[in-house]
Amino acid sequence: MNARDIAALPSDTIEKLLRAIPFYKAVKKQNEGQYQELLQYSRIFQFGCNEQILTRGQMDSWSYFLVKGQLVVSLPDQFGRQLHVNYVTPGEVFGDLSVLLKSPRTADVSVDENCREALVFGTDFSMFGQLLNFNIVSLETKLTYYRHMVQSLRWKLEMYRSKYRDNALADKHRAIKIYSGAKGGLDELHALHQQSTDFAKLLVEWNRAFGSLSVAEGKVPEPNIAI
């Protein structure tokens, strides 16, 4: 693994890279100072073929975005053999659910053996601190983060529902309360945090169900495995 500070890259390269990640794009537009603060806690990682990126059971506060290459998501079967259950392709975020839920990684992630190298952008979200701590990350930025999380997680759950309407989990996310109060304050922040956490927990339920099926039958499931 080779890690590089974002500050070492030309500003136009950074802007082009993060243009594809809605959260960073939105923060840059609304507050350049907060955007630069995020970059201080971010790195570009270069991994070689077969190199491991995330380990099942580990705890950390990093969330990642695949820029180049292909990654393999693996889980052990009942005999301890590693089975490939999914893939991460450029443009996908991974590791975000574990950060949101402050839970261990649920799968191993490594560079595909058919891929020469992978380029990954990562941010250490320990900078967020406690929900109501605004020493580094402002209320506005946290609201932006959780709005994007809610939107992203709800979209994934709707995709699951559209493919598996008969599953017992299909409609559960629609029972989660949507915030309809005043925007921009602490009430919205609390509500968005709770909503995104509830969505994430439900998404993990889906992923565990499909992950168990794939490990038992040696199949690659369509949904992403939460890591």
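This report walks through the overall build of the protein and then a few local spots.

## The big picture

What you're looking at is a predicted model. The protein's secondary structure adds up to six helices and nine strands. Measured out along the principal axes, its C-alpha trace covers about 50 × 45 × 25 Å. How does that fit with a compact globule? For 227 residues, such a globule would have a radius of gyration near 17 Å, and the 18 Å of this protein agrees with that.

Now for inside and outside. Of the 227 residues, 44% count as buried. The accessible surface comes to about 11,800 Å², and carbon and sulfur atoms hold 50% of it. As for contacts with a separation of 6 or more, 75% are between residues 24 or more positions apart.

## Helix α2 and its two faces

Helix α2 runs over residues 22-30, and Phe23, Tyr24 and Val27 in it are buried. Look down the axis of α2 and these buried residues fall within an arc of 95 degrees, so they line one face of the helix. There's a general rule that helps here: an α-helix has 3.6 residues a turn, so residues three or four places apart point the same way.

Which residues sit on the face turned away from the buried side of α2? That face carries Lys25 and Lys29, and they are exposed. On the buried side, the cover includes three helices, α1 (11-18), α3 (32-40) and α5 (139-163), along with strand β9 (117-124).

## A nonpolar patch on the surface

Over on the surface, Leu132, Phe134 and Leu186 form a nonpolar patch. Together they have about 250 Å² of accessible area.

Take Leu132 as one of the three: you'll find this residue in the loop between β9 and α5. Leu132 counts as partly exposed because its relative accessible area is 46%, and the range for that label lies between 20% and 50%.

## Two loop residues with positive phi

Where does Asn50 sit? Its place is the loop between β2 (42-48) and β3 (52-54). The phi angle of Asn50 is near 70 degrees, which is a positive value in a residue other than glycine.

Lys102 also has a positive phi without being glycine, with a value near 50 degrees. Lys102 belongs to the loop between α4 (96-101) and β8 (108-111). Is Lys102 buried or exposed? With a relative accessible area of 63%, Lys102 is exposed, since that label applies over 50%.

Notes:
Residues numbered from 1 in each chain as written. Predicted model: local features only at pLDDT ≥ 70, side-chain atom pairs only at ≥ 80, totals over all residues. Heavy atoms only, no water. Buried < 20%, exposed > 50% of the residue type's maximum accessible area, 1.4 Å probe, protein only. Helix = DSSP H or I, 4+ residues; strand = E, 2+ residues; numbered from the N terminus. Arc of directions from axis to C-beta. Contact = heavy atoms within 4.5 Å. Patch = residues over 30% accessible without salt bridge, like charges linked within 9 Å, V, L, I, M, F, W, Y side chains within 5 Å. Areas by Shrake-Rupley, 256 points an atom, 1.4 Å probe, with all protein chains shown as cover. Salt bridge = Lys/Arg side-chain N within 4 Å of Asp/Glu carboxyl O. Rg over C-alpha atoms; globule rule 2.2 N^0.38 Å.
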